[in-house]
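Grab your favourite viewer and work through a few exercises. Try each task on your own before reading the solution under it.

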Amino acid sequence: TVPFSFLFPVCSGVDEASIVRILSNRTWEQRDLIAKGFEKKYKTNLEGLLKKKLSGYLENTMLTLLKSPAMLDAQELRDSMKGLGTDEDTLIEILATRPNRQIQEIKTLYKEGLSFIHSLRVVPALR
């Protein structure tokens, strides 16, 4: 059973222990069903509601639990290559241990993330 009906009152009153219990004791597929069912029933995005009601490490952890494994891998790859140097260990761990199907999904999500990041860049003024 999908307990999204329990989350709305919990999120409204910010019962952090219940939010943690509901989201942390399920697979990503179950959490995805909970988020979709929650949005369908309450016409409210669960991620947005959690952002409003939680803060700090708890907010970050609960929002991370709502991301797909491929999305998390794409984010890790992006983070491992940004700035000076590259975190080769992270690259190897992700790219050498994921099945081809997941690598393709990671690739798509990575490219979508990059195109979003590039769309945010300000075009320099002409001289």
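Here are five exercises, each with a worked solution.

This is a predicted model, so local features need pLDDT of at least 70 and side-chain atom pairs count only at pLDDT 80 or more, while totals for chains, interfaces and linings use all residues. Residues are numbered from 1 along each chain as its sequence is written, and side-chain values use heavy atoms, with hydrogens and water left out.

**Exercise 1. The overall fold**

Work out how many helices and strands the chain has.

Step 1: Set the rule. Helices (H or I, at least four residues) and strands (E, at least two) are DSSP runs, numbered from the N terminus.

Step 2: Count. You get eight helices and zero strands, and along the sequence the pattern reads α-α-α-α-α-α-α-α.

Step 3: Check burial. Buried means under 20% relative accessible area, exposed over 50%, and partly exposed in between (1.4 Å probe, protein chains only). Of the chain's 127 residues, 29% come out as buried.

**Exercise 2. Two helix pairs**

Find how H2 packs against H5, then do the H6 and H7 pair.

Step 1: Fix the geometry. Axes are lines fitted to C-alpha atoms, for helices over the stretch in contact, and angles run from 0 to 180 degrees between N-to-C directions. Angles under 35 degrees count as roughly parallel, over 145 as roughly antiparallel, 65 to 115 as roughly perpendicular and the rest as oblique.

Step 2: Take helix H2 (residues 16-24) and helix H5 (residues 56-65). Their axes are 10 Å apart, at an angle of about 30 degrees, so H2 and H5 are roughly parallel.

Step 3: Now H6 and helix H7 (residues 88-97). Here the angle is about 155 degrees and the axes are 9 Å apart, so H6 and H7 are roughly antiparallel.

Step 4: Add handedness. A crossing is left-handed if the near helix is turned anticlockwise from the far one by less than a right angle, and right-handed if clockwise. H2 and H5 cross left-handed, and H6 passes H7 in a left-handed crossing too.

**Exercise 3. The largest pocket**

Find which residues line the largest pocket, and sort them by class.

Step 1: Define the search. On a 1 Å grid over the protein atoms alone, a pocket is an open set of points with protein on both sides within 12 Å along at least five of seven lines, where a 1.4 Å probe fits; lining residues have an atom within 4 Å of a point. Grid points are joined across faces, edges and corners, and a volume is the space filled by probe spheres set on the points.

Step 2: Read off the result. The volume is about 240 Å³, and the lining includes Trp 28, Asp 32, Glu 39, Leu 46 and Met 71.

Step 3: Assign elements. H3 and H4 are the ones giving two or more residues to this lining, with H3 giving the most, five.

Step 4: Sort. Ala, Val, Leu, Ile, Met, Phe, Trp, Tyr, Cys and Pro count as nonpolar, Asp, Glu, Lys and Arg as charged, and the others, Gly among them, as polar. That splits the largest pocket's lining into six nonpolar, one polar and five charged residues.

**Exercise 4. The second largest pocket and Ala 74**

Find what lines the second largest pocket, and decide whether Ala 74 is buried or exposed.

Step 1: The second largest pocket has a volume of about 160 Å³. Lys 67, Met 71, Ala 74, Gln 75, Arg 78, Leu 109 and Gly 113 line it.

Step 2: Helix H6 (69-81) and helix H8 (100-120) each supply at least two of these residues, and H6 gives the most, four.

Step 3: Zoom in on Ala 74, in helix H6. Its relative accessible area is 1%, so Ala 74 is buried. The C-alpha atoms of Ala 74 and Tyr 110 are 5.0 Å apart, despite 36 residues along the chain.

**Exercise 5. An unusual backbone angle**

Find the sign of phi at Lys 43.

Step 1: Lys 43 sits in the loop between helix H3 (28-42) and helix H4 (46-53).

Step 2: Its phi is near 55 degrees, so the sign is positive. Most residues other than glycine have a negative phi.

Step 3: Lys 43 is exposed, because its relative accessibility is 68%.
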